[in-house]
Amino acid sequence: MSDKLSRRSFLRRVGAAVAVGSAAGIARAKPSLASAMDEPVGIVVDLTRCDGCPDVPVGRCVSACQKENEARYPEVRDEDVRDYWPQQKHEDWRPKRGLMTTLTPYNWTYVQKVNVEHEGRIHVLNIQRRCMHCDTPTCAALCPFGVIEKDVKGAVSIHEVGCMGGAKCRTVCPWHIPQRQAGVGIYLKMVPKLAGGGVMYKCDHCAPRMAEGRIPACVEGCQARLKEKAPLTFGPREDMLSLARLRAREISGYVYGDDENGGTGTFYVSPVPFEKIEAELRKRDKERFFFPKDPNPLEKPNLVAEATLVAPVAAVAGAIMAGARTIGTIGNEKEDQGPACDTATLEERSGEDQEVER
Amino acid sequence: MKRGIHETDRIHPAGEYVVRHSYLVIVQHWLVALSGIVLLFTGFGQLPIYKRYMLDQVPGFGWASDFILNFKIHMIAAAVFTFAAVFHLVYHYIEGGRSIMPMKGDLRESVHIIKAILKGEKEPPHGKFLAEQRLAYAFIGFSIFLLIVTGLFKFADNLPSVTMPYWVSFWNTMVHNVATIFFLLGFIAHIGAFVLKANWPLFTSMFSGKVKLGYAEERHPLWMETIRTCEATSGKMIVECAVRIFSGAMVATGILLGAIIDPLWYLLPAFVAINLIQSAFTRWCPLENLLVKLGYPRGKDLLLK
C-alpha cells in the first residue's frame, strides 16, 4: 500500500516538475529543484534516548522553546477577553501561562510522559510533543482565510495578522495542536462580539531562526546537554526519514510521522508500537494529545477535486454536442412546428453540402 | 435592443405561448442554482459559525459543523457548478443567443424600469430580458467566474503534488471569499426580484420554459419583434471553430491532468497533436466528420450566400 502510494506520489512529482506550473508562475516544493538552503527539513525524536531531563523541572527542549519564543506570546488586555457569543465560554490561557506540561498559546512544546508495557517490559517514555509539520497540512488547506503557510523548508506557520481564531485548524488537525488565546488579533478590530475568537498559536519550527540558518531552539537545547546522544536530530527531511528508519531497524522499533496524515516532518522512533502508546493515552481522562493513525482526511476529497478539474472540459465537449443539436434540429422541426426563426436564413446561407447532408 | 435572440425562441404553433427557454437551458439554470445554493451553505460551513451559532443543534443539521464533510459536499457541488457554468458559456456561444449580454445605457434604463414598476406606470418596451436582468447576469457571471477560477486554484493547491507560494494561496483565498460575498448579494437580488408581481411570469417560465403570448406582446415587444422578423442570431458556430475549441480543450486538460494527476495524461495532447497534423494532409478529421453529421455548418457554406 505504502509502496504504491509513494510510486504514485513520485509520478506526480515528475509530472509536476515538467508542466504548466512554471508557465503559471507556480513554484513547486521539490527537493531536487530547490537549492540546498530551501530543502524541506525534518526532526527525528528518538524515544529510546529521551529521559525527560530528570535533573531540571522541564525538559531542555521546552525551556529553550520558551526562551526563544517568549517574545511572540500573546499579550492580552482584560477588557478584550469576552465570551464567544452566543456561547458562554472563551479560551483564555493567561491564568495558566506558566504551565509547561501541555500545549498552550504560551507553551508550544512539552514532554508527554507515559509508561507502556511491551513484551513483558515497562517502557518509560518521554515524548516531545508539538506541531508535526505535515507535508500536506490539513490546517493550511482548510484555513478559511488562507493564513497558514507551508514554506519551502517544510515549516507550517500560522500568520497571526489574518488569523480570526475560529480554531478550525485545531479541529481538523489530526493531533489538535494549535491553541487559541482570546482577546488578541484582528477580530478585535471588526465585530469581536459576533465573529472571531482570538489567535491560534503553535510551533512554527522556529521559522525566524531557520531564516537565519540556525537550527530550532528545542533541538539546540537538547543537543547542548546530550551531544551526539541527543534524542532530537535536525536535518534535511529525507535524511532524517532514513535516519529514523535505520534507527528503528537497529532497535526493532517503530517509526511514527513518516506516513501519518500523508507524511510529516517529525519522525518519532519508539521501542514500542504506537498503537500501544495510543491505547495507554486513551485510558487517561484528561489527555489532549494522542497518536492517531487516521489517513489524511483530504485524500478522498482530493480525488473529487481532481475530477472537478475535468468538469470544464466535459462541459465544453457536452456543449459542443448539444449546440450542434440545437443548430442542427431547428431546421428539421420547422415542418411540424411552423416557421422557427432563423431557419430561413440558415438555409439561405448554407450551400449545397448542407442540403446533401440532410 | 433587438439583438441575438436564441435559436430556440419561437411562438408556439398553437399560438398561446412563446417558447422562452429550451429544456436544456432550464436544466442548466437549475444545475447552477441548486449547486450554487449548496456551495453557499457548505462554503459558509468552512467558517466555524454553524457550531458557534448552534445550527448543528437543529435536527437534520448535525452534520453542518463537520468541516471535512462540508468540504466533500462543497467539492462535489463545485464539480456540478463548474460543469454547468462552462456548458452555459460554450453552448450559448455556439447557439448564438446574445440577448442577455449587458448593453450601453442599461444602468439608466434599470433605474427607469424600477421607478415605473414601483409607481405603477407603464414600463419601457423590453427585449427578451430586462435591462436589470442583463446587469444582474453580468454581475453574477463575474462573481461566478472569480469563484470558479479561484476555486480550481484552491483545489489544485490542496493536492499533495502542488505547492503554491504563500502569497498566491493567500490572495487566491481572499478573492474567493470576496467573490462569495458578491455571489451572495447577486443571489439575494435575483430572488428579491420575484417579490414584484410583474416578474412572476418569468419565474414560472424557468420551470415551464414558456410565457403567455399576451404577456410577451405586452411586456417584451422588442423580443417578439425579433422573433417575428427572424432576425439572425449573430455569431453562429461553424465546424472549423468547434474543432479548434474541442482540440484546444483536450490539450489543456491533458497538460493539466498530466501535471497534477499522472504524466500518462500527456498522451492526450500528444494524440491531439498527431491528429491535427495528419488531418492537414489527409483532410480526414474524425471530430469534424462527427460535428458535420451533428449539424454544424462549414464556414464556406455560410460564405456562399
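**Stop 1: where two helices touch**

Select R60(A), C61(A), A64(A), C65(A) and E68(A) in helix α3(A) of this predicted model. Now add A217(A), C218(A), G221(A) and R225(A) from α7(A). These two groups of residues meet. Colour the selection by residue type. The contact of α3(A) with α7(A) divides into five nonpolar, one polar and three charged residues.

**Stop 2: the two helices**

Widen the selection to residues 60-69 of chain A for α3, and to residues 217-226 of chain A for α7. How do their axes cross? They come within 7 Å and cross at roughly 135°. Because of that angle, α3(A) counts as oblique to α7(A); the cut-off for roughly antiparallel is over 145 degrees. Turn the view to look through one helix at the other. α3(A) passes α7(A) in a right-handed crossing.

**Stop 3: a pair of cysteines**

Clear the view and select C134(A) and C173(A). Is C134(A) buried or exposed? C134(A) is buried, with a relative accessible area of 9%. C173(A) is buried too, at 11%.

Next, look at the sulfurs. How many disulfides does a search of the whole structure find? The search finds zero over all chains. C134(A) is in no disulfide, and its nearest cysteine sulfur, that of C173(A), is 6.4 Å away. Now start from C173(A). Why is there no bond to C134(A)? The sulfur of C134(A) is the closest cysteine sulfur to that of C173(A), but 6.4 Å is too far for a bond. A disulfide needs the two sulfur atoms within 2.5 Å.

Methods. Residues are numbered from 1 along each chain as its sequence is written. Chains are lettered from A and ligands numbered from 1 in the order in which they are written. This is a predicted model: local features need pLDDT of at least 70, side-chain atom pairs count only at pLDDT 80 or more; totals for chains, interfaces and linings use all residues. Side-chain values use heavy atoms; hydrogens and water are left out. Axes are lines fitted to C-alpha atoms, for helices over the stretch in contact, and angles run from 0 to 180 degrees between N-to-C directions. Helices (H or I, at least four residues) and strands (E, at least two) are DSSP runs, numbered from the N terminus. Angles under 35 degrees count as roughly parallel, over 145 as roughly antiparallel, 65 to 115 as roughly perpendicular and the rest as oblique. A crossing is left-handed if the near helix is turned anticlockwise from the far one by less than a right angle, and right-handed if clockwise. Contact means heavy atoms within 4.5 Å. Ala, Val, Leu, Ile, Met, Phe, Trp, Tyr, Cys and Pro count as nonpolar, Asp, Glu, Lys and Arg as charged, and the others, Gly among them, as polar. Buried means under 20% relative accessible area, exposed over 50%, partly exposed in between (1.4 Å probe, protein chains only).
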